[in-house]
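Biologist: Please take one part, the largest nonpolar core, and go through it closely.

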Amino acid sequence: MSIVESLRAEHDALFRAAGRWRNGEMSDEELVGFLEEMSRVHFRDEEQILYPAMRGFFPTSELNAYEQAHREVAERLAAARTVLEEGRPVSDRLNRIVDDVKAHARSEEEALFPAAEGKLGAERLAELQRRRQQFARATSGG
Ligand SMILES: [Fe+2]
Ligand SMILES: [Fe+2]
């Protein structure tokens, strides 16, 4: 598997989770938990593995904008977590976060991922995925 395939599968999981939440099949608490985990793992691995590999192959300003988008989501998610724990309504806030995270993921799929597949090649993308898995084992804490 390539790192792009694995990141794409996580975007698909995001789109499904967002759909379930909007259908009322997932609670606010579950959605916040899902997004926190995505922020902790998916965003981190993009920033630590894929984006650095793409420097020189993709506009730096766009990579920086992706990182900035991650930071903003993490901050807004932390605020949503506070609101949730105070028992105040959080749906509007979560709706906006979900829309923005989905737009961010789509932008990566339309611009960054095809560029990665075109510039890095299958072997390198598979190597980056192995690094991702090692990283996951090293940081899982058992
Ligand atoms: Fe991202
Ligand atoms: Fe992503």
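**The largest nonpolar core**

Modeller: In the protein chain, 76% of the contacts with a separation of 6 or more join residues 24 or more positions apart; two residues are in contact if their C-beta atoms, placed from the backbone, lie within 7 Å. This is a predicted model, in which local features need pLDDT of at least 70 and side-chain atom pairs count only at pLDDT 80 or more, while totals for chains, interfaces and linings use all residues. Residues are numbered from 1 along each chain as its sequence is written, and chains are lettered from A and ligands numbered from 1 in the order in which they are written.

The protein chain has four helices and zero strands (DSSP runs numbered from the N terminus: H or I of at least four residues for helices, E of at least two for strands). Buried residues make up 23% of its 142 residues; buried means 20 or more other C-beta atoms within 10 Å of the residue's own, these atoms being placed from the backbone.

A nonpolar core is a set of buried Ala, Val, Leu, Ile, Met, Phe, Trp, Tyr and Cys residues joined through C-beta atoms within 7 Å. The largest one has 13 residues, and Ile3, Val4, Leu50, Met54, Ala116 and Leu125 touch the most other members. At least two residues of this core come from each of α1 (3–22), α2 (28–54) and α4 (91–139). Its largest share, six residues, is supplied by α4. Leaving out residues up to four places away in sequence, Met54 touches Leu63, Leu112, Ala115 and Ala116. There is also a second, separate core of 12 residues, including Val32, Met38, Ile97 and Ala105.
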